Amino acid sequence: MVNLLNNYKVQEGLDQAISQIGLGVLTSPKEAIRRIITEKTKALSISILLIASCSIILSFFLLLSHFCPIRPTTLILGYLFGLAKIILGFFIASAFIHITAGFLSASGQVKPLFFGLFLSLLPFAFLLPLTILSLGTTPALGLFIFPLLVVWSSYLLCLVVQEVYQVSLAKAVFILVLPSLIFYISGFLMYRLELDL
């Protein structure tokens, strides 16, 4: 009986810590991200991933349903496929970010980075309600809201990189931008080389 009571208290404390950290990502993201990475609360990161990916995919299907009917099986398969794409994308992104950070002499671990990247999806948890609201009022509202969510998500992403690698915010932005710059510059050079041939 005592063990059961102790287990309940531990679980209650864990639930309270997760809810405090979750609200902290909204109110004071820098401190919350620091706590998430140091305390390694993977459960919160995974729950944010599941909720945000559900919101993103359901918003997409909601907008698509105005053009063609959507079956429930399509919705479920679309969600699973979309979730797999997001996880694979974050896996590849964390590898690129970690290699870039190592190249720039920043030290950190990949595992906290991978789970920390899920936190950058938090703003998109609000996408479904905002999509429903914009469809009810004016579709132009969505064109204004979506860029704000992208900016907020990008800011959280920068904070995650800053915390994992213990670098300045400017260096975190550079770590995130450098792989894209290399990719686009090499693509442009290959395109120019192909035109010259």
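This passage describes the overall make-up of the chain and then looks at how helix H4 meets its surroundings.

The structure is a predicted model. Its chain has 197 residues, and 33% of them count as buried. The secondary structure is simple to summarise: the chain holds 8 helices and 0 strands, so that, read from the N terminus, the order of elements is α-α-α-α-α-α-α-α. Among the contacts with a separation of 6 or more, 70% join residues that are 24 or more positions apart. The accessible surface amounts to about 12500 Å², and carbon and sulfur atoms contribute 74% of that area.

A good place to begin a closer look is the packing of helices. Two packed helices are described by the angle between their axes and the distance between the axes. For H3, which spans residues 42-64, and H4, the axes come within 10 Å and cross at roughly 130°. An angle of 65 to 115 degrees would count as roughly perpendicular and one over 145 as roughly antiparallel; H3 and H4 are therefore oblique to each other. The crossing of H3 past H4 is right-handed. On the H3 side, the residues that meet H4 are Leu-49, Leu-50, Ser-53, Cys-54, Ile-57, Leu-58 and Phe-61. Their partners in H4 are Thr-74, Leu-75, Gly-78, Tyr-79, Gly-82, Leu-83, Ile-86 and Ile-87. Sorted by class, this contact of H3 with H4 comprises 11 nonpolar residues, 4 polar residues and no charged ones.

One of the H4 residues in this contact, Leu-75, can be followed individually. Leu-75 has a relative accessible area of 29% and is therefore partly exposed, since that class lies between the buried limit of 20% and the exposed limit of 50%. Setting aside residues up to four places away in sequence, Leu-75 touches Leu-58, Phe-61 and Ile-70. Of these partners, Phe-61 is 14 residues from Leu-75 in sequence, and the two C-alpha atoms lie 7.3 Å apart in space.

H4, which covers residues 72-103, also packs against H5. Here the angle is about 135°, and the axes are 9 Å apart. H4 and H5 are therefore oblique to each other as well, and H4 passes H5 in a right-handed crossing. From H4, the contact draws on Ile-87, Phe-90, Phe-91, Ala-93, Ser-94, Ile-97 and His-98. From H5, Val-110, Leu-113, Phe-114 and Leu-117 take part. The residues of this contact divide into 9 nonpolar and 2 polar, with no charged residues. Ile-87 deserves a second glance, as this residue of H4 appears in the contact with H3 and also in the contact with H5.

Ser-94 offers a close view of the contact between H4 and H5. Ser-94 lies in helix H4 and has a relative accessibility of 2%, so it counts as buried. Apart from neighbours within four places in sequence, Ser-94 is in contact with Leu-113, Phe-114 and Leu-117, and these three residues belong to the H5 side of the helix contact. The C-alpha atoms of Ser-94 and Phe-115 are separated by 9.3 Å, while the two residues are 21 positions apart along the chain.

The loop that links H4 to H5 (110-117) contains Ala-106, and Ser-105 is found there too. How do these two neighbours fare: buried or exposed? Ala-106 has a relative accessible area of 9% and is therefore buried, whereas Ser-105, at 69% relative accessibility, counts as exposed. Ser-105 also has a positive phi of about 60°, although this residue is not a glycine.

Beyond neighbours within four places in sequence, the contacts of Ala-106 are with Ala-101, Tyr-165, Val-167 and Ile-175. Gln-166 is 60 residues from Ala-106 along the chain, yet their C-alpha atoms are separated by 7.6 Å. Gln-166 is itself a loop residue, placed between helix H7 (140-165) and helix H8 (169-196). With a relative accessible area of 59%, Gln-166 is over the limit of 50% and is therefore exposed. Like Ser-105, which has a positive phi of about 60°, Gln-166 is not a glycine but has a positive phi, in this case of about 55°.

Conventions. Residues are numbered from 1 along each chain as its sequence is written. This is a predicted model: local features need pLDDT of at least 70, side-chain atom pairs count only at pLDDT 80 or more; totals for chains, interfaces and linings use all residues. Side-chain values use heavy atoms; hydrogens and water are left out. Helices (H or I, at least four residues) and strands (E, at least two) are DSSP runs, numbered from the N terminus. Buried means under 20% relative accessible area, exposed over 50%, partly exposed in between (1.4 Å probe, protein chains only). Contact means heavy atoms within 4.5 Å. Accessible areas come from the Shrake-Rupley method with a 1.4 Å probe; for residues, only the protein chains shown count as cover. Axes are lines fitted to C-alpha atoms, for helices over the stretch in contact, and angles run from 0 to 180 degrees between N-to-C directions. Angles under 35 degrees count as roughly parallel, over 145 as roughly antiparallel, 65 to 115 as roughly perpendicular and the rest as oblique. A crossing is left-handed if the near helix is turned anticlockwise from the far one by less than a right angle, and right-handed if clockwise. Ala, Val, Leu, Ile, Met, Phe, Trp, Tyr, Cys and Pro count as nonpolar, Asp, Glu, Lys and Arg as charged, and the others, Gly among them, as polar.
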